[in-house]
Amino acid sequence: MSVLIKGGLIVTSTGRYPADVFADGDKIKAIGTDLDNPADEVIDATGMYVLPGAIDPHTHLSMPFMGTYAQDDYQTGTIAGACGGVTTVVDFDLQQKGESLLEAIERKKSWAEGKTVVDYSLHPAVMDPRPEVIAEVKKAILDYGTPSFKIFMVYDFRVDDATMIKLLEETKKYGGLVQVHAENVHMIDHLNEVLAAEGKLEPYYHAVSRPNIAEEEAIARAAKMVEITGSRIYIVHLSSKEGLFKVKEARDHGIDVYAETCPQYLLLDEERYKEPDFNGAKYVMSPPLRTKESNEALWTGINSGDLQVLATDHCPFDFNGKKDMFGKDDYRKIPNGAPGIETLLMLAHSEGVAKGRISLERMVDIVSTGTARMFGLKDKGAVQVGKDADLVVFDPNQKFTITQSKLHMNVDYTPFEGTEITGMPSVVFSRGKRVAQWNGEQMDFVGEVGRGRFVKREPFEGF
Ligand SMILES: [Zn+2]
């Protein structure tokens, strides 16, 4: 199977230029002007961008959580991703009590096998940090192809500071990267008690219970652990202006703190929690939505380079039957999470590039090229000869109104319902094979279930 994409504008993280792209089998084989390689399929990309497929490094597919499961599995979740131009997913793999990291990886791989439609990898989450598990970090980095490790500073399955230090030491030695959900659990527990005593249990109080300062404190503490170990850390789903300031402060002192944010923290704010008829529950996620001031600060952080990656934290629960069943009378019981994998690229382009907040090149970096570098995906993340032919032929002028019924995620709502989009994928390729395409009104999945492969990632080499 070969494809020749003619007349498009190739976009990299540092520039753009008109050229044809020829892919044969899994790989990009040639880039140049007036290519005439014989191909099974020729695409006229006049007026279109040719982008590297987006990479979503923060998803929770089939994850058990708060008495239920995140609803997208490896099939529905990666189909939705493909339809949004996401051609690689790095999913979280939560270690269960008593499991080794390898057992956790094998368990989640068995759920993915035969189901994924684009390539995927896994970040083990260290939740049972026995000494032999800490010792296994070396193998996970060098042998298993999973050099990034999630830890939580919140929830029952959080790790303590001593474990964080041990993990920072081990990952420093072998080229690993610790990823942290940074919120101060004791501040949150305290505010939960105060709010409950006052009978304040509507969805809005979810945001009140997890203030900016809880993120700020945890990031500051994590940064100090990095400073004392000389290691590096990656803050997942950074949400607040204050948290960003702590990242910037550390980076200005030469401490290797990296961070991602997500479209919801750039575009939505805490007023959403006040929507009537329990609608606010749709936005119950942790960290919570913040204020417009934080929205604006995070865009600035993307442009300054203090934020390197845009991810989704895709973790969907139905509004009817999940969000309301558990938490109708108490925000503390509403499953935390929201859908997002399918809307990542369209929002980054429409709200970021088309509205002049970020450049096209910066977008490519935060949704693909930088993400590949951060997570050791050496065959992904750029339109370059020798890389996997994970490509999005993107029409920057195509209009679309986001609505749940035209999306593919296995959930009954989208937090971006009604958002008017400028710019949509026209055709999406995963390793040279067409997986999704625009049908005039919405995206269609046209790929093959089970073709996605597990990707072994390389150790961290600096960013
Ligand atoms: Zn998450």
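**Two domains, and what the labels rest on**

Modeller: Between domain 1 and domain 2, the count comes to 2 salt bridges. Keep in mind that this is a predicted model.

Biologist: What makes the pair of arginine 431 and aspartate 119 a salt bridge?

Modeller: The closest N and O atoms of the two residues are 2.8 Å apart. The cut-off is 4 Å between a side-chain nitrogen of Lys or Arg and a carboxyl oxygen of Asp or Glu, so the pair qualifies.

Biologist: Which elements shape the side of domain 1 that touches domain 2?

Modeller: Those giving two or more residues are β5 (49-52), β16 (391-401), β17 (420-430), β18 (433-438) and β19 (443-445). The largest share, 9 residues, comes from β17. By type, the residues on that side divide into 16 nonpolar, 7 polar and 6 charged.

Biologist: Where do the two domains run along the chain?

Modeller: Domain 1 is made of 2-51 + 385-398 + 420-445, and domain 2 is 53-374. The contact draws 29 residues from domain 1 and 23 residues from domain 2. Between the C-alpha centres of the two domains there are 30 Å.

Biologist: How do you know how much area is buried there, and what gives it?

Modeller: About 2000 Å² is buried between domain 1 and domain 2, and carbon and sulfur atoms give 66% of that. The figure is the accessible area that the two parts lose on being put together, summed over both. On the polar side, 5 residue pairs are in polar contact across the interface.

Biologist: Let's go to single residues. Is threonine 59 buried or exposed, and why?

Modeller: Threonine 59 has 0% relative accessibility, and buried means under 20%, so it counts as buried. This residue is found in strand β6 (residues 54-59).

Biologist: What makes the meeting of threonine 59 with aspartate 91 a polar contact?

Modeller: Their side chains are joined at 2.6 Å, and the rule asks for N or O atoms within 3.5 Å, so the pair passes on distance. Beyond its sequence neighbours within four places, threonine 59 is in contact with residues including Val89, Phe92, Thr312, His314 and Ile341.

Biologist: And proline 18, buried or exposed?

Modeller: Its relative accessible area is 59%; exposed starts over 50%, so proline 18 is exposed. Proline 18 lies in strand β2 (residues 16-24). Leaving out residues up to four places away in sequence, proline 18 touches Gly8, Leu9 and Thr33.

Biologist: Why is aspartate 128 called buried, given its place in a loop?

Modeller: The label follows accessibility: aspartate 128 has 9%, and the limit is under 20%, so it counts as buried. The loop in question runs between β10 (119-125) and α3 (131-144). The side chain of aspartate 128 also makes a polar contact of 2.5 Å with the side chain of arginine 130.

Biologist: What makes helix α12 an enclosed one?

Modeller: In α12 (residues 344-353), 10 of the 10 residues are buried, so the helix is largely enclosed by the rest of the structure. Among them are Leu344, His349, Glu351 and Val353.

Biologist: How many salt bridges does a search of the whole structure find?

Modeller: The search finds 39. One salt bridge pairs aspartate 26 with arginine 451, at 3.6 Å between the closest N and O atoms. That pair links distant parts of the chain, 425 residues apart: aspartate 26 is in the loop between β2 and β3 (27-32), and arginine 451 in the segment after β19.

Biologist: Why do aspartate 26 and arginine 451 get separate accessibility labels?

Modeller: Aspartate 26 has 24%, which falls between 20% and 50%, so it is partly exposed. Arginine 451 has 19%, under 20%, so it is buried.

Biologist: How do you know that lysine 224 and glutamate 227 are about one helical turn apart?

Modeller: They are 3 residues apart in helix α7 (residues 212-229), which means a separation of about one helical turn. An α-helix has 3.6 residues a turn, so residues three or four places apart point the same way. The side chains of lysine 224 and glutamate 227 meet in a salt bridge at 3.2 Å, N to O. Lysine 224 is exposed at 53%, while glutamate 227 is partly exposed at 44%.

Biologist: What makes glutamate 275 and arginine 272 pass as a salt bridge?

Modeller: Their closest N and O atoms are 3.9 Å apart, and the limit is within 4 Å, so the pair is counted. Elsewhere, salt bridges that share partners join residues including Asp26, Asp119, Arg431 and Arg451 into one network.

Technical notes
Residues numbered from 1 in each chain as written. Predicted model: local features only at pLDDT ≥ 70, side-chain atom pairs only at ≥ 80, totals over all residues. Heavy atoms only, no water. Helix = DSSP H or I, 4+ residues; strand = E, 2+ residues; numbered from the N terminus. Buried < 20%, exposed > 50% of the residue type's maximum accessible area, 1.4 Å probe, protein only. Polar contact = N/O pair within 3.5 Å; in protein donor to acceptor, adjacent residues only side chain to side chain. Contact = heavy atoms within 4.5 Å. Domains from an automatic or database assignment. Buried area = accessible area lost by both parts, 1.4 Å probe. Nonpolar A, V, L, I, M, F, W, Y, C, P; charged D, E, K, R; others polar.
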